[in-house]
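Hi everyone, thanks for coming. Let me put the sequence and the structure up on the screen first, and then I'll walk you through a few spots.

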Amino acid sequence: MSVLVYIDHSEGHFKKASLEALSYGAKLASQLGVTAEALLLGTVSEDLASLGAYGAVKVHQVGQESLNQLDAGRYARLVAEAVKATGATVVVIANNLCGKAVAPRLSARLKAALVAGAVALPDTSKGFVVKKNVYSGKAFAHVSLDTAIKIIALNPNAYPVSKGEGKAEVSALNVAVDPSKVTVLSTTQASGQVPLTEAEIVVSGGRGLKGPENWGMIEELAKLLGAATACSRPVADAHWRPHNEHVGQTGIAIAPNLYIAIGISGAIQHLAGVNRSKVIVVINKDPEAPFFKAADYGIAGDAFEVVPKMIEAVKKLKGMA
Amino acid sequence: MKILICISKTPDTTAKIAFTNNNTKFAAEGVQWIINPYDEWYALVRAIELKEKDPSTVLHLVTVGGADTEPIIRKALALGGDEAIRVNLDSSDSFSVAAQIAEIARQGYYDLVFTGKETIDYNGSSIGGMVAELLDLPYISLATHFELNGTKATVVREIEGGEETDEVLLPVVVSCQKGMAEQRIPNMKGIMGARTKPLKVVEPVAITPLTSVVAFELPPAKAGVKMVSPDDPAELIRLLHEEAKVF
Ligand SMILES: Cc1cc2nc3c(=O)[nH]c(=O)nc-3n(C[C@H](O)[C@H](O)[C@H](O)COP(=O)(O)OP(=O)(O)OC[C@H]3O[C@@H](n4cnc5c(N)ncnc54)[C@H](O)[C@@H]3O)c2cc1C
């Protein structure tokens, strides 16, 4: 018996969301009195044994290069094989782009209950009940997983990474890998950027910034803070910023430690994508802007005056000025 | 070309979220219902565009839900689509819903199954993947562009920090998000026509649910905002550093 944690990776590195999933899986394993094991499909440049520091006792790898490309069907088959090989009763996977593709297939394949978007450890006092996000961050549901094998897709930034000491035992999982049904023609990736869903700090701009030419200060503040940039829907619709920066009910839902909203009114559909942020800062020249009701800190002022001063203050704090 | 589009009913994006029956039931009173935006704006509209290009294309809408989902299905038919199927099952278990859709898809021999990327109420992102697995078809999740070329489809999907262009043989299941198409408003002709389009009701196949919702919970209210003077943004940075400790 074990808790099997799926490790997602890109550009040779473990995804942070997967290290969170592993920390979560290790904690759950100790709660259940079993061990945590990790599974990695494809190849990475990092040392697999180092996953031991996050609580994995064993790491299983299917090390074919071709597996570095996501094919949900193929991945689900391989994870199912690993579940069989390890006798896992719980599978933990990050609810990121990869998890969203793979977890539901795995659930249907194994007829195993899936909770997608978990935000806390299971309550095992009466069955196996996991808290998940519903209504776009406006509520939680406690979902009972009613099958012998359970799948938990953990929301990014919902559980902290906990790193200790230790090396995991690494072994190759001997399974047949069938050819992919999906041919990748091309990929475009802005490398070196912090992915929005994994970012701990997000600096976001709205229509109050007047035009794309004014994003320089947003990018500068973000860069100083090691943050990702985001925007409101009308900003993406007007092509001031790329669509993959659009957060909200119909965009990406994020839960960073700090969300700085600049020139965004705080419409309910926008809040739906950001209300799980731990700390929300709002900069808006209208003191009546609805966003202040959802904020922890606020400045009612003109962004074009306030943000440059924030940049200065951060530089000072970081000893750069 | 035969396309099956999955349509779900969700509360309006501005609906007040509250629960009754000891926090076990969504308080539906007074709530406006809409077509789940991802199903409507992206999946359905893209399918309609494909039919506009090739009028021989057949569009079937499927929803899994009680009779109360029919107004939503009619609204979807007003945008486009030839006929709709409602599977008469009210379930909060994604697998139960997916299994019904897979059954309809199996009987209908569709070349394409479109879903939205997620519903805005359950936020499961699960139906497409489950349907694909049950049908043993490839699944492209979170697609932002979709083109047909003969027996193949070219699909752009979101990957972490970028995009990937894939080619896949039909049939395929695709979950759709922003970029696929632009929102449309139904016209009068569409609304009138939708009334007479066939809406078939079928009984569900027997499926054992894998999950059940035990209770709902609302997040705790915010403590209130701490305002900083616009003349002193440095104070904000100090508070974020020393009090909130976020950097
Ligand atoms: C079904 C549906 C789904 C939607 N989904 C989303 C979604 O996912 N994400 C999303 O963001 N929106 C979404 N919307 C749109 C949403 O309702 C709002 O229209 C949108 O969020 C407003 O964007 P904004 O705050 O940038 O612009 P505005 O509402 O125009 O607000 C601009 C703000 O900037 C302030 N401002 C102006 N000048 C300055 C200045 N110099 N300095 C400081 N502040 C200034 C103004 O006071 C104002 O508060 C959706 C709407 C619908 C109907």
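I'll go through the ligand site, then the two domains of chain A, and finish with two backbone oddities in chain B.

Quick housekeeping: this is a predicted model, where local features need pLDDT of at least 70, side-chain atom pairs count only at pLDDT 80 or more, and totals for chains, interfaces and linings use all residues. Residues are numbered from 1 along each chain as its sequence is written, chains are lettered from A and ligands numbered from 1 in the order in which they are written, and side-chain values use heavy atoms, with hydrogens and water left out.

So, the ligand. It has 28 residues around it, where being near means having a heavy atom within 4 Å. The closest are A:Ser232, A:Ser265, A:Gln269, A:His270 and A:Asn284. Chains A and B both supply residues here, so the site is shared between chains.

Now some polar contacts, meaning pairs of N or O atoms within 3.5 Å. A polar side-chain atom of A:Asn284 sits 2.7 Å from a ligand oxygen. Backbone N or O atoms do it too: A:Lys285 has one 3.1 Å from a ligand nitrogen, and A:Gly208 has one 3.4 Å from a ligand nitrogen. On its own the ligand exposes 990 Å², and the protein buries 81% of that; those areas come from the Shrake-Rupley method with a 1.4 Å probe.

What mix of classes makes up the shell? We get 7 nonpolar, 15 polar and 6 charged residues, with Ala, Val, Leu, Ile, Met, Phe, Trp, Tyr, Cys and Pro counted as nonpolar, Asp, Glu, Lys and Arg as charged, and the others, Gly among them, as polar.

On to the domains. Chain A splits into domain 1 (2-172) and domain 2 (196-317), with bounds from an automatic or database domain assignment. Taken over C-alpha atoms, their centres are 31 Å apart. Their contact (heavy atoms within 4.5 Å) takes 10 residues from domain 1 of chain A and 12 from domain 2 of chain A.

Last bit, chain B. Most residues other than glycine have a negative phi, and most peptide bonds are trans. B:Asn123, though, has a positive phi, near 50 degrees. And B:Leu170 and B:Pro171 are joined by a cis peptide bond, with omega about -5 degrees.

That's my tour, thanks for listening!

Note on methods. Polar contact = N/O pair within 3.5 Å; in protein donor to acceptor, adjacent residues only side chain to side chain.
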